[in-house]
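This report describes selected elements of secondary structure and the way they pack. The model under discussion is shown below.

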Amino acid sequence: MPTISIKGKNMPESPIRKLVPYAENAKKRGIEVFHLNIGQPDIKTPDIALEAIKNNTIKVLAYSRSEGSEEYRQKLANYYIKHNINVNADEIIITTGGSEALLFAMGSVCDPGDEIIIPEPFYANYNGFSTASGVTIVPVISKIEENFALPPIEEFEKLISSKTKAILICNPGNPTGYLYSKEEIQKLATIVKKHDLFLIADEVYREFVYDNVQHQSVLSDFGLENNAIIIDSVSKRYSMCGARIGCLVSKNKEVISTALKFAQARLSPPTFAQIASEAALETPQSYFDEVIIEYKARRDLLISELSKIDGIKVASPKGAFYCVVELPVDNADKFAQWLLEDFNLNNQTVMVAPAAGFYSTKGFGTKQIRIAYVLKKEDLITSVKILKAAILKYNKN
């Protein structure tokens, strides 16, 4: 019988999506499921983006350029300049989501067996992208007790070897919601320049920062023109997850020319989605102001309600729309499945993302979950009530 590849066997399951069949079965039994497991915003997509597609008069839906349309890249460069990221259109490659940008970045800077250092917990699909690229993730642990702040730079230094090619961060972080400070980015800038490494920054949640703090991009004022690679996406910014439009941004000409070869191999990013994304750049600031007010209120409410549950630890995020919660249970994977298979409160239950899948170190995060606060406030209150009742019952079993 033909055999599956070792790479295929090693591809990890998504901790976010692997429980979907259990959630679907619960719904078939008539149970309402509150989805705290996935970062799908409930915020309305800007009308201007949707109208650009509805009112388009294209007669032939043709390929775009492999690097993305020139018009979109030029407008995107103008967007970045407004955020103190001084790049031009030739330093941007449009990709099919931030996911493809990450694959292009790993393929451009790493050979099979090379290593990338990543603070963990981290976005679960980094595990999948690294497996697909033949790259080894070397984790450096951040702790819930320290709100998942950047680990001491000495810990990074200990892990650098001849195989190390890059450090990868997500800022603000998924799953932690942690926002790196200017001082922390400067420490990373110093170490990557010292060791001739790349600093890859997943900045897809750039707009979602709270408490009057400012997002620090790796391409702002850190002297990383040769080292920095930004991964970006319209998915969260404009609540356009289904558009599947992202980009890779770098001032390093060799990175861009190499990534372009990967882009040419897959021909082009989707044309209609680029049209919508280009239009979305005209979204007024008032849209983001309202979104930030809403997410901050949700965050504050969620943290307040969770803090009333005995025995939990919860990190307080300053960005994105996630938080990591450590539960007083034996195993968060078992608990998450039990919530969907065997528990309901008033015919309602919750779906969460077990956090072990956001670590690459075996045995870490086994009691933690990630919660995405992408539901309206009343649903968040109900969800925490369900979670509290579920913990009490689960621990009695």
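## Helices across the sheet

In this predicted model, helix α8 (residues 182-194) lies across β5 (164-170) and β6 (198-202). The direction of α8 is at about 170° to β5. Helix α4 (residues 70-82) lies across β2, β7 (228-233) and β8 (246-249), and its angle to β2 is about 115°.

## The seven-stranded sheet

The strands β2, β8, β7, β6, β5, β3 and β4, in that order, form an open sheet of seven strands with mixed pairing. Its edges are β2 (92-95) and β4 (136-141), each of which pairs on one side only. On average, neighbouring strands of this sheet are turned by 25° against each other, direction ignored.

At the β4 edge, strand β3 (residues 115-120) pairs with β4 in the parallel sense, over six bridges. Within this pairing, P119 has V140 in β4 as its bridge partner.

## Strand β10 and its partners

Strand β10 (residues 322-326) is largely enclosed by the rest of the structure, because four of its five residues are buried. Strand β9 (residues 313-314) runs antiparallel to β10 and is joined to it by two bridges; K313 stands opposite E326 in β10.

β10 also pairs with β13, in the antiparallel sense and over five bridges. Here V325 stands opposite I369 in β13.

## Packing of helix α12

How do the axes of helix α12 and helix α13 cross? Helix α12 (residues 332-341) and helix α13 (residues 377-396) have axes that come within 11 Å and cross at roughly 110°. Helix α12 is therefore roughly perpendicular to α13. On the α12 side, K334, F335, W338 and L339 take part in the contact; they meet L387, A390, I391, K393 and Y394 in α13. Of the residues in this contact, seven are nonpolar, two are charged and none is polar.

The buried residues in α12 are A332, F335, A336, W338, L339 and L340. F335, W338 and L339 are thus both buried and part of the contact with α13. The cover over the buried residues of α12 includes α13, α2 (20-28) and the strands β1 (32-35), β11 (348-351), β12 (353-354) and β13 (368-372). Strand β13, which pairs with β10, is thus also among the elements that cover α12. At the start of α12, a side-chain oxygen of N331 comes to within 2.9 Å of the backbone nitrogen of D333.

Technical notes:
Residues are numbered from 1 along each chain as its sequence is written. This is a predicted model: local features need pLDDT of at least 70, side-chain atom pairs count only at pLDDT 80 or more; totals for chains, interfaces and linings use all residues. Side-chain values use heavy atoms; hydrogens and water are left out. Axes are lines fitted to C-alpha atoms, for helices over the stretch in contact, and angles run from 0 to 180 degrees between N-to-C directions. Angles under 35 degrees count as roughly parallel, over 145 as roughly antiparallel, 65 to 115 as roughly perpendicular and the rest as oblique. Contact means heavy atoms within 4.5 Å. Ala, Val, Leu, Ile, Met, Phe, Trp, Tyr, Cys and Pro count as nonpolar, Asp, Glu, Lys and Arg as charged, and the others, Gly among them, as polar. Buried means under 20% relative accessible area, exposed over 50%, partly exposed in between (1.4 Å probe, protein chains only). A polar contact is a pair of N or O atoms within 3.5 Å; within protein, one must be able to donate a hydrogen and the other to accept it, and residues adjacent in sequence count only if both atoms are side-chain atoms. Two strands pair if DSSP finds at least two bridges between them.
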